Amino acid sequence: MDIIKFITYLQKEKKTSTNTCDAYTRDLTAFQAYLLERGVLDADKAGGADVAAYMMALKNEGRSKATVNRKLSSIRSYYKYLQRQGTIKENPAETIKTPRIEKKQLKYLTIEEVERLLETPDDSIKGIRDRAILEVMYATGIRVSELIELKLKDINFRMGFVTCNGGHGRARIVPMGAIARRALDEYMLKSRIVFMEGKDEKNPDGPLFVNYQGEAFTRQGLWKVLKKYGELSGLDGKLTPHILRTSFGVHMVQNGADLRSLQELMGNEDIMAMEIFLSVTKNRIKDVYDRTHPRA
């Protein structure tokens, strides 16, 4: 089982993110170890019975259905790669059924709750910075890790867009709305210049959002900011960076965005993962029908 060649292919040809490649590596290494215990010395010659037995073993270990599905997906992808290379004729994982997963209810904020959150920061130097952080997060839907990695050069203030450098996949450009741009302009003029005192504030490679020491935020630091404003706006226990990102996606779909465009904006590699947003639209249509049809 040549995992290294497969991962290299994903990185160079498919431009797969580092996190996804790491997951593939873990999944395939565990599968290879299982096959060796089963007496299958060459994983490339494994059959459907071997894959099915591995899935059953994972289930007996108490692994969640989501974990089993992910591992099966990794194994399928590896054997598809071997098929394209001409190494094998049939994919032994192709006919294995994936466990059915109950769909989780999508958690997000209403537009009114988001507006209440964004109005919470005060006009202090710190409040101006925090308002810019919240506005940019909601305006772009970028991940926490992407936000704290933003550099000054990643923001086009004139055109109003953010460049995410591709640490989670392909690089992408995400527009910002007028309100987020104004909040960011105010942060640059009134807050960042103070936090960066004694440092090169115009360095294009410097972090966009900085703490009191003029240094980039940590994940924990940003979580504290969100926790504080979640409590102040009455969203305590309901607000996380992921929920704010999900709210971006839900509100875009509710206002007519198609899934393919949303996928590009959010930087998700799998279009299937975006279909959860459709459930919100379906529920909304049902509510409208129930309210308006005379025989509903």
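This report walks through a predicted model of a protein chain, from its overall make-up to a few residues worth a look.

## The chain as a whole

Let's start with the big picture. The protein chain has 296 residues, and 42% of them are buried. Its secondary structure comes to 12 helices and 3 strands. About 17,200 Å² of the protein chain is exposed, with carbon and sulfur atoms supplying 52% of that area. As for contacts between residues at least 6 apart in sequence, 59% of them join residues at least 24 apart.

## How far to trust it

Confidence first, before zooming in. Mean pLDDT for the protein chain sits at 87, and 89% of the residues reach 70 or more. Among the elements, helix H6 (residues 125–140) gets the highest mean pLDDT, at 96. Helix H12 (residues 276–292) is at the other end, with the lowest mean, 63. Where pLDDT is low, the predicted coordinates shouldn't be read in detail.

## Salt bridges

Side chains of opposite charge can pair when their charged atoms come close. In this model the count is 16 salt bridges. One of them joins aspartate 2 and lysine 5, at 4.0 Å from N to O. Aspartate 2 is partly exposed, at 35% relative accessibility, whereas lysine 5 counts as exposed at 53%.

Now for a buried pair: arginine 129 and aspartate 130 form a salt bridge, and their closest N and O atoms are 2.9 Å apart. Aspartate 130 has a relative accessible area of 0%, so it is buried, as that is under the 20% cut-off. Arginine 129 is buried too, at 3%.

Then there's a mixed case. Aspartate 123 meets arginine 131 in a salt bridge with an N to O distance of 3.2 Å. Aspartate 123 is exposed at 62% relative accessibility, but arginine 131 is buried at 15%. Both belong to a network of salt bridges that also takes in Glu186 and Lys190.

## A nonpolar patch on the surface

Ile125, Ile193 and Val194 together make a nonpolar surface patch of about 210 Å². Isoleucine 193 belongs to helix H8, which spans residues 178–195. With a relative accessible area of 39%, isoleucine 193 is partly exposed; patch members need over 30%, so it clears that bar.

## Cysteines

How many disulfides does the structure hold? The number is 0. For context, a disulfide is a covalent bond between the sulfur atoms of two cysteines. Cysteine 21 is buried, with a relative accessible area of 2%, and cysteine 164 is buried with a relative accessible area of 2%.

## Around arginine 172

Arginine 172 lies in strand E3, which covers residues 172–175. Is arginine 172 buried or exposed? Its relative accessible area is 9%, so it counts as buried, the cut-off being under 20%.

Leaving out residues up to four places away in sequence, arginine 172 touches a list of residues that includes Ile142, Arg143, Glu146, Val162, Thr163 and Cys164. That last one is the buried cysteine 164 mentioned above. Further partners of arginine 172 include Arg245, Glu264, Leu265, Met266 and Gly267. Take glycine 267 as an example: it is 95 residues from arginine 172 in sequence, yet their C-alpha atoms are 7.1 Å apart in space.

Conventions: Residues numbered from 1 in each chain as written. Predicted model: local features only at pLDDT ≥ 70, side-chain atom pairs only at ≥ 80, totals over all residues. Heavy atoms only, no water. Patch = residues over 30% accessible without salt bridge, like charges linked within 9 Å, V, L, I, M, F, W, Y side chains within 5 Å. Areas by Shrake-Rupley, 256 points an atom, 1.4 Å probe, with all protein chains shown as cover. Salt bridge = Lys/Arg side-chain N within 4 Å of Asp/Glu carboxyl O. Helix = DSSP H or I, 4+ residues; strand = E, 2+ residues; numbered from the N terminus. Buried < 20%, exposed > 50% of the residue type's maximum accessible area, 1.4 Å probe, protein only. pLDDT = per-residue confidence, 0-100. Contact = heavy atoms within 4.5 Å. Disulfide = S-S within 2.5 Å.
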